[in-house]
Amino acid sequence: MSKWDYGGAYKDFDIYSNSIITIDNNNFLKVHDIFNELPNFMNNADIIFTDSPWNLGNLNTFYTKADLEHICFEYETFYKRLFECIYEINPRICYLEVGKQYLAEFIIEMKKKYKYVTFYNSNYYHNKDRICYVVRGANKAKAPKLDYMDEEDIIKWVCANEDYDYMGDLCMGRGLVGYNAYINNKKFVGTELNFKRLAVLLKRLKKYNENIKISL
């Protein structure tokens, strides 16, 4: 088994590139490249939390892991497209995880859309040496105390405590955002480039709720 098979979860589901998945009739996912037109269901999201690739090398790695051709040759092209999607969805609240290299650019883009923008110092894999940042944008003043929390714990807090109907994620990966929305009895929508990574979420949801309805 390839190290990029993510445990082989995809073998348990009839999931491929461009697959659309419905979960319990009200949660929706698509195996999707962000440079393509967004599926209509993404417009349901009134909050977004997305951990997108942080730089060009990181972005190209995700294409490699998905056995797809690299189609983006400048990171600015990617993050501009990311913000185009955010503008189209128009969530009330938006959280974006990013590394230091493009933190300033993400803050600048967030300030074009949201009145109140702040960022939190964070880390990932519960390792204080793996530094990242989470930028929050909203049009109503609120300052959750999230500084120096691990990004996984921030996601858990957001999914459990923010006021929303649909949680959205434009780069779902293995689905930490969708999973935490689901276990908090919230609906979610999302897209992900790599069907093998997205299948990890489906397997985890099925383990959490053996009666879950997954339609492909």
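These are my notebook entries on the salt bridges in this predicted model.

**Entry 1, the tally.** I started by counting salt bridges, and the total came to eleven. I then picked out a few pairs to look at.

**Entry 2, D46 and R92.** I found these two side chains in a salt bridge, at 3.6 Å from N to O. The pair links distant parts of the chain, 46 residues apart. D46 sits in the loop between β2 (27-31) and β3 (47-51), while R92 sits in the loop between α2 (75-89) and β4 (93-98). Next I looked up burial. D46 has 17% relative accessibility, and the cut-off for buried is under 20%, so D46 goes down as buried. R92 comes out as partly exposed, at 42%.

**Entry 3, K80 and E109.** Here I read 2.8 Å, N to O, for the salt bridge. K80 is in helix α2 and E109 is in helix α3 (residues 103-113), so this bridge ties together parts that are 29 residues apart in sequence. I have K80 as partly exposed, with 32% relative accessibility, whereas E109 is buried at 8%.

**Entry 4, R136 and E162.** I get 3.1 Å between the closest N and O atoms of this salt bridge. Which elements hold the two residues? R136 is in strand β6 (residues 127-138), and E162 is in the loop between α4 (151-161) and β8 (166-169). They are 26 residues apart, and I noted this pair too as linking distant parts of the chain. R136 is buried, with a relative accessible area of 3%, and E162 is buried at 4%.

**Entry 5, shared partners.** Last, I checked for a network: salt bridges with shared partners join K80, E109 and K112 into one.

Note on methods
Residues numbered from 1 in each chain as written. Predicted model: local features only at pLDDT ≥ 70, side-chain atom pairs only at ≥ 80, totals over all residues. Heavy atoms only, no water. Helix = DSSP H or I, 4+ residues; strand = E, 2+ residues; numbered from the N terminus. Buried < 20%, exposed > 50% of the residue type's maximum accessible area, 1.4 Å probe, protein only.
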